[in-house]
Amino acid sequence: MYLKELKILNFRKFGEENNVICFVDARSLKKQEEEKVINIAPTTTLIVGKNNSGKTTITKALDKIINSEKFSANDFNYQYLSSLTEQYNKEPEKYIPPYLEFEVVIGTDDGDDDLITNIIPLMSLKDIENSELNVIIKYEVKEQSTFEEKIKNFIEKTKKSIVSNSDIEKQDVVVKLIDVYSLLEIIDSTEFKINYYKKTGEEVQSFKLNKLIEIKSISANNIKSDDCLSKAFNTIVSYRHANLLKPEEQEKLEGSIRALNTQLTTDVANNYSNNINESLGKIETKDRLSVNLRSNLSVGSLFSKMIKYEYIEGSHTIPEDQFGLGYTNLMMIIAELIDYIERYGPAIFSRTNY
């Protein structure tokens, strides 16, 4: 399965027009040896674009609907909310609640039976032969009557304040009963929920989009500490050890660590533990208080604490904390891409060369 299309309605900069994002089918990219084209992963969709082209909005939308996260009032398109308040002011008895809508089109013609079992609730008989499936996700008020009551009460209060304010009547100005900023406050105080629908409009129960799609965001600025690169590459090395090395290679390294732990524990006992316990024995008897120091090396601690990560630029070796912010950011992005490819990339990708 793969993501083919995403339609966004009323979310942030996306309104009712120019709101369909079409994705390139990664499987259609032919691997040409002379051009060295590498398909990162056959079921992966990459979102790449210029600054301020909508990448963040698209990824935020996907992140929220995939992980069923709560939207805030500021996630609603302001022009859309403005049109709602105009309607509330013109027709005070019609309070249509605001909503967000997303339509995800998923390609299903890759024979992934494990994932297809998760979309059965969305399918009808005519969908069996189709190569794509539409999932409609709506972020809607949980209780429409509660929302309508809030709008009604707010408008009534506004009317009373207008009547009691003689200056407004003298100036003969048109006063809005409700504006966008008031509506934002009401939205934030209203309970919403995420609902799933078939393209026919029929609501679907017991379905979650995260059963089909996983989203990974790679930030343009993710420098959190001086050793962030070491941590990033340690994650890659640890994953490779646990999932990509042959069992005999894993056992060889882990056996060496066990032997080193045994030797270090003996050395620590002879040089430190025994002397410490002798000193403690002068304060409290050994049968009541004593310490035992032992070596506790592991694969994870080996790479994170005992391995020094350095970078090569030309003929020079550069410590991590001397790397410039620009290069560190770039290397962090590359590290996250490598980690993603290691976990989800195609079998044809080399596991030993980058």
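**Close-up 1. Lys94 and Glu91 pair up in a salt bridge.** In this predicted model, the closest N and O atoms of Lys94 and Glu91 sit 4.0 Å apart. How exposed are the two partners? Lys94 has a relative accessible area of 46%, so it falls in the partly exposed class. Glu91 is partly exposed too, with its relative accessibility at 37%. This pair belongs to a structure that holds eight salt bridges.

**Close-up 2. A salt bridge joins Lys142 to Glu191.** Here the closest N and O atoms are 3.4 Å apart. Lys142 comes from the loop between strand E4 (132-141) and helix H4 (144-164), while Glu191 comes from the loop between helix H6 (180-188) and strand E5 (192-197), so the pair ties together parts that are 49 residues apart in sequence. As for solvent, Lys142 is partly exposed, at 43% relative accessibility.

**Close-up 3. Asp75 and Arg12 meet through their side chains.** This one is a salt bridge with an N to O distance of 2.9 Å. Which parts of the chain does the pair tie together? Asp75 is in the loop between helix H1 (55-66) and helix H2 (78-90), and Arg12 is in the loop between strand E1 (2-9) and strand E2 (20-22), so the bridge connects parts that are 63 residues apart in sequence. Is Asp75 buried or exposed? Asp75 is buried, because its relative accessible area is 3% and the cut-off for buried is under 20%. Arg12, on the other hand, counts as partly exposed at 29% relative accessibility. Keep Lys64 in the frame as well: Arg12, Lys64 and Asp75 are linked in a network of salt bridges.

**Close-up 4. Helices H7 and H8 cross at roughly 115°.** The axes of H7 (residues 228-243) and H8 come within 8 Å of each other. On the H7 side, the contact is made by His241, Ala242 and Asn243. H8 answers with Gln250, Leu253 and Glu254. What kinds of residues make up this contact of H7 with H8? The split is two nonpolar, three polar and one charged.

**Close-up 5. Four residues form a nonpolar patch on the surface.** The members are Tyr272, Ile276, Val291 and Leu293. Together they have about 320 Å² of accessible area. One of them, Tyr272, lies in helix H8, which covers residues 247-281. That is the helix whose axis crosses that of H7 in the previous view.

Terms used. Residues numbered from 1 in each chain as written. Predicted model: local features only at pLDDT ≥ 70, side-chain atom pairs only at ≥ 80, totals over all residues. Heavy atoms only, no water. Patch = residues over 30% accessible without salt bridge, like charges linked within 9 Å, V, L, I, M, F, W, Y side chains within 5 Å. Areas by Shrake-Rupley, 256 points an atom, 1.4 Å probe, with all protein chains shown as cover. Helix = DSSP H or I, 4+ residues; strand = E, 2+ residues; numbered from the N terminus. Axes fitted to C-alpha atoms, helices over the stretch in contact; angles between N-to-C directions. Contact = heavy atoms within 4.5 Å. Nonpolar A, V, L, I, M, F, W, Y, C, P; charged D, E, K, R; others polar. Buried < 20%, exposed > 50% of the residue type's maximum accessible area, 1.4 Å probe, protein only.
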